[in-house]
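Here is a short report on one protein model. It covers the surface, the cores, the sheet and the charged pairs.

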Amino acid sequence: KYMNNRGLGIERYMEQRSCPYDKIFIYTDEKSDVKAFFEFIKDDMEVIDRGSNTFECILKGYTKGTAIDWVLEHFGMTRDQSYVFGDSSNDLAMFQHAGHAIAMGAHDQVLEPYTEFVTKTVEEDGIAYAMKKYGLIDQRSLR
């Protein structure tokens with residue numbers, strides 16, 4: 001029951017048109033026919049190669065970048081008012097849309113061309129470190 005509350009272990013078929021998920025995360029091995037699977041989903045989903053035989057499949061037309069655009073428009077913010085943090089290739093679209101793209105200390109090199117600042121690692125509280133550097137929070141906020 002615990003797993004079903006989190007959406008884990010629920011079997012759904014695309015043909016049912018009732019799949020409530022916005023992305024699929026795939027681990028592959030030498031027995032996986034990823035080419036056939038990606039061909040099967042190509043009309044509805046885009047594939048992001050996460051490296052090490054892992055992939056994210058997301059709905060076409062919806063990325064972290066389109067989410068940034070929506071938030072900015074919804075709140076009447078400018079691109080320069082947006083700060084994003086990421087470490088993976090799945091953050092690329094977000095880095096391309098935001099005004100300030102901050103890569104975590106350990107991050108996928110695909111983010112480099114869009115990275116404004118490299119902060120500390122997640123384990124070293126890199127987000128708080130960068131927010132302090134940018135003046136978004138002060139030392140008192142880090143307690």
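## Helix α3 and the surface patch

V71 sits in helix α3. The model is predicted. Is V71 buried, exposed or partly exposed? Its relative accessibility is 35%, and partly exposed means between 20% and 50%, so V71 counts as partly exposed.

V71 also belongs to a nonpolar surface patch. W70, F75 and M77 complete the patch, which covers about 420 Å².

## Nonpolar cores

Helix α3 spans 64–75 and gives two or more residues to the largest nonpolar core. That core has nine residues: I68, L72, V84, M94, F95, A98, A101, A103 and L111. Two other elements also give two or more residues each: α4 (92–97) and β5 (100–103). Another core lies apart from this one. It has six residues, among them I26, F38, I41 and C57.

A98, one of the nine, has contacts beyond its neighbours within four places in sequence. These are with I68, R79, S82 and V84.

I41, from the six-residue core, lies in helix α2, residues 34–41. Its relative accessibility is 0%, so I41 counts as buried. I41 and I58 are 17 residues apart along the chain, and their C-alpha atoms are separated by 9.9 Å.

## The parallel sheet

Three strands form an open sheet in the order β4-β5-β6. The pairing is parallel. The edge strands are β4 (83–86) and β6 (117–118), and each pairs on one side only.

Four bridges link β4 and β5, again in the parallel sense. V84 stands opposite A101 in β5. Both residues are also members of the nine-residue core.

## Salt bridges

Side chains of opposite charge can pair when their charged atoms come close. How many salt bridges does a search of the whole structure find? The search finds three.

One joins K64 to D91, with the closest N and O atoms 2.6 Å apart. K64 lies in helix α3 and D91 in the loop between β4 and α4, so this pair ties together parts that are 27 residues apart in sequence. K64 is partly exposed at 34% relative accessible area. D91 counts as buried at 4%.

E56 pairs with R50, with a closest N to O distance of 2.2 Å. E56 is buried, with a relative accessible area of 2%. R50 counts as partly exposed at 29%.

E39 pairs with K42, and here the closest N and O atoms are 2.7 Å apart. E39 is partly exposed at 47%. K42 is partly exposed at 40%.

Technical notes:
Residues are numbered from 1 along each chain as its sequence is written. This is a predicted model: local features need pLDDT of at least 70, side-chain atom pairs count only at pLDDT 80 or more; totals for chains, interfaces and linings use all residues. Side-chain values use heavy atoms; hydrogens and water are left out. A nonpolar core is a set of buried Ala, Val, Leu, Ile, Met, Phe, Trp, Tyr and Cys residues joined through side-chain atoms within 4.5 Å. Buried means under 20% relative accessible area, exposed over 50%, partly exposed in between (1.4 Å probe, protein chains only). Contact means heavy atoms within 4.5 Å. Patches are made of residues with over 30% relative accessible area and no salt bridge: like charges are joined within 9 Å, nonpolar side chains (Val, Leu, Ile, Met, Phe, Trp, Tyr) within 5 Å. Accessible areas come from the Shrake-Rupley method with a 1.4 Å probe; for residues, only the protein chains shown count as cover. A salt bridge is a side-chain nitrogen of Lys or Arg within 4 Å of a carboxyl oxygen of Asp or Glu. Two strands pair if DSSP finds at least two bridges between them.
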